[in-house]
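Grab a coffee and open the viewer: here are some exercises to work through with the structure on screen. Try each task yourself before you read its solution.

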Amino acid sequence: MLPEALREAEWLEADGLGGFASGTVGGVRTRRYHALLCAARTPPTGRLVLVASAEVTLERAGARTPLSAQRYAPGVVAPDGRAFLAGFRLDPWPVWTWRTADGLEVEQELLAVHERPVVAMRWRLLTPAPGVRLVARPFLSGRDQHSLHHENPAFRFDAEVRGDRVTWRPYDALPAVVSLANAEYAAEPHWYRRALLAEEAARGFDAVEDLAAPGLLTWDLSAGDAWWLLGAEGIAAASAALGGSAAALGGELRAAELARRSALGGPLERAADQYLVRRGAGRTIVAGYPWFTDWGRDTFIALRGLCLATGRLDDAGAILLEWAGAVSEGMLPNRFVDEGDAPEFNAVDASLWYVIAVHEWLAAMRADGRPVPAARRRALRAAVDAILRGYAGGTRYGIRADEDGLLACGVPGVQLTWMDARVGDWVVTPRIGKPVEVQALWINALRAGGARWRGLAERATASFERRFWNEATGCLFDVVDADHVAGRDDGTIRPNQVFAVGGLPWPLLRGARARAVVDVVERELLTPLGLRSLGPREPGYVPRYEGGPVERDGAYHQGTVWPWLIGAFADAWVR
């Protein structure tokens, strides 16, 4: 049996459209986001949990061995197959090895099919034996990924069966669930009530839901591998298109996905690939699984590592072009919401990160000897110019170039920087005024903008050197002219100052002061997993990220360690 810590570890398989399959190694669902089929209806947004899980059993000579686990309130796990889990690996996708009490071994694998809302599963006997059957009871859902599902009279259990293909249409407003399996299907509708999601309970959220089980799929495992493909019908141009022989299609999809992943490189490249997804005809980057879709700030920060460092220049160009048309009043959206509402423009830094990403992509293309098509260059240049003009002249939320050349930003009640936690009307770290990393981004963006912006860049640089040095702490202020009050400076020790030294093309500090900044950040903020968001000796420091939503959001940027900052720190340390 695997150690408990490994059984509780989580895995995730992304489909390149924003959807995914996810769960724990041991099989117990602990989050509302754990699902066999979570599909993005409007890629990469509109995620729906269509198939929550399945109860899987191995049958032989009257003996039944569970190959799955489900927890029900108040904490009963039934069935509990964790005792029979003998091995697990993630390469090239999640693979489990199960061992029965009499030594029979079965291998299970699961993969998300690239750019299709489809997950493919296969079970095979590692120790051939006669009379072995595999039985799966799918648990259907039909909800937004952030919600929970409950028993209701509107749910339809009936199925349309055609050969290997079984189609369920639980709700008219949602995509149908298509099952393709080389198995016998028998209707046996039941509600399985009060499934308990322990991590949701620990996070202070509703944690109990009901699952709909329409029937049973049964395979003769002794006769050959069991294949089960699940798909969401009719999503954009990437419909599941499941038909024909389950074994033939499953083998074809598996071989194609294995070849695609093998060509990506090592584990880091394969992990990075899961964040690159479709948006319409273009490309974008998912900010994080399982909660987030594509966010402007996160996309342009991550693009440098996910695409430029891995040589995926075509993907980077497609992503930058996709976002180029979204500039509004000099700003790029920080977030496209799930169901088609207006984009949110509440980020001062997202547009500046975009300018940096364009600059570095063009440099990477030159270094690779690849010309940029004139139309694409014009589109990117127009977006960059619109951003710099909008910021220099003034735009939403008080964003404007001040007389000293530095970028002022912020109004009460709006979180504009990456430290954007908010609880109701409480903005935890408002940072109104002239935040330090925003100035580093602003000056770098001006330099990337070319000769037209050189004068403003030089004025802002001179002001930065004069205004931001805090003699008392031997490092930089986090915000100057705080709350737009001239001379009111915030000397809180935070990691944002590291961007004045590293992480961007042009450092704002050199020499002794640059070294002093790195020393303070290293002493006060560095951990083995990244940089603390607040120094432990500062008022308001929260040492642990835990509790309910209010406690966790209150800790988010008040001490919680953020791994993404380690890149800028490493660059600053080397410089």
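## Exercise 1: a bent helix

Helix 5 has a kink of about 45°, centred on Ala-302. The bend at a residue is the angle between two axes, one fitted to the seven residues ending there and one to the seven starting there. Helices (H or I, at least four residues) and strands (E, at least two) are DSSP runs, numbered from the N terminus.

Before you start, note that this is a predicted model: local features need pLDDT of at least 70, side-chain atom pairs count only at pLDDT 80 or more, and totals for chains, interfaces and linings use all residues. Residues are numbered from 1 along each chain as its sequence is written, and side-chain values use heavy atoms, with hydrogens and water left out.

**Task.** Work out how far helix 5 reaches from its first C-alpha to its last, and what it packs against.

**Solution.**
1. Select residues 296-308, the 13 residues of helix 5.
2. Check the span: helix 5 reaches 17 Å, close to the 18 Å expected. The expected value is 1.5 Å times one less than the number of residues.
3. Look at burial (buried means under 20% relative accessible area, exposed over 50%, partly exposed in between, with a 1.4 Å probe and protein chains only). In helix 5, 10 of the 13 residues are buried, including Phe-300, Ile-301 and Leu-303.
4. Find the partners: the buried residues pack against helix 4 (267-273), strand 19 (276-279), strand 20 (282-285), helix 6 (313-324) and helix 7 (350-367).

## Exercise 2: charged pairs

**Task.** Find the salt-bridge partners of Asp-273, Asp-294 and Asp-225, and say which parts of the chain each pair links.

**Solution.**
1. Set the criterion: a salt bridge is a side-chain nitrogen of Lys or Arg within 4 Å of a carboxyl oxygen of Asp or Glu. A search of the whole structure turns up 54 of them.
2. Take Asp-273: its salt bridge is with Arg-312, and the closest N and O atoms are 2.9 Å apart. Asp-273 lies in helix 4 and Arg-312 in the loop between helix 5 and helix 6, so the pair ties together parts that are 39 residues apart in sequence. Asp-273 is buried at 5% relative accessible area, and Arg-312 counts as buried at 18%.
3. Move to Asp-294, which forms a salt bridge with Arg-279, the closest N and O atoms being 2.7 Å apart. This pair links the loop between strand 20 and helix 5, where Asp-294 sits, to Arg-279 in strand 19, 15 residues apart. Asp-294 has 0% relative accessibility and counts as buried; Arg-279 is buried too, at 16%.
4. Finish with Asp-225, which pairs with Arg-122 at 3.3 Å between the closest N and O atoms. Asp-225 is in the loop between strand 17 (208-220) and strand 18 (226-232), Arg-122 is in strand 11 (residues 118-125), and they are 103 residues apart. Asp-225 is partly exposed at 31%, whereas Arg-122 is buried at 13%.

## Exercise 3: the nonpolar core

**Task.** Which residues touch the most other members of the largest nonpolar core?

**Solution.**
1. Define the core: buried Ala, Val, Leu, Ile, Met, Phe, Trp, Tyr and Cys residues joined through side-chain atoms within 4.5 Å.
2. Pick out the hubs: of its 85 residues, Leu-303, Tyr-354, Trp-361, Tyr-391, Trp-442, Phe-464 and Leu-476 touch the most other members. Helix 7 gives the most to this core, with 10 residues.
3. Zoom in on Phe-464: leaving aside neighbours within four places in sequence, its contacts (heavy atoms within 4.5 Å) include Leu-406, Val-436, Leu-476 and Leu-508.

## Exercise 4: an enclosed strand

**Task.** Is strand 2 (residues 20-24) enclosed or exposed, and which strands pair with it?

**Solution.**
1. Count burial: 5 of the 5 residues of strand 2 are buried, so it is largely enclosed by the rest of the structure.
2. Split the faces: Phe-20, Ser-22 and Thr-24 are buried on one side, Ala-21 and Gly-23 on the other.
3. Trace the pairing (two strands pair if DSSP finds at least two bridges between them). Strand 1 (residues 10-14) runs antiparallel to strand 2 and is joined to it by 5 bridges, with Trp-11 partnering Gly-23.
4. Add strand 3 (residues 35-42), which pairs with strand 2 in the antiparallel sense over 2 bridges; here Phe-20 partners Cys-38.
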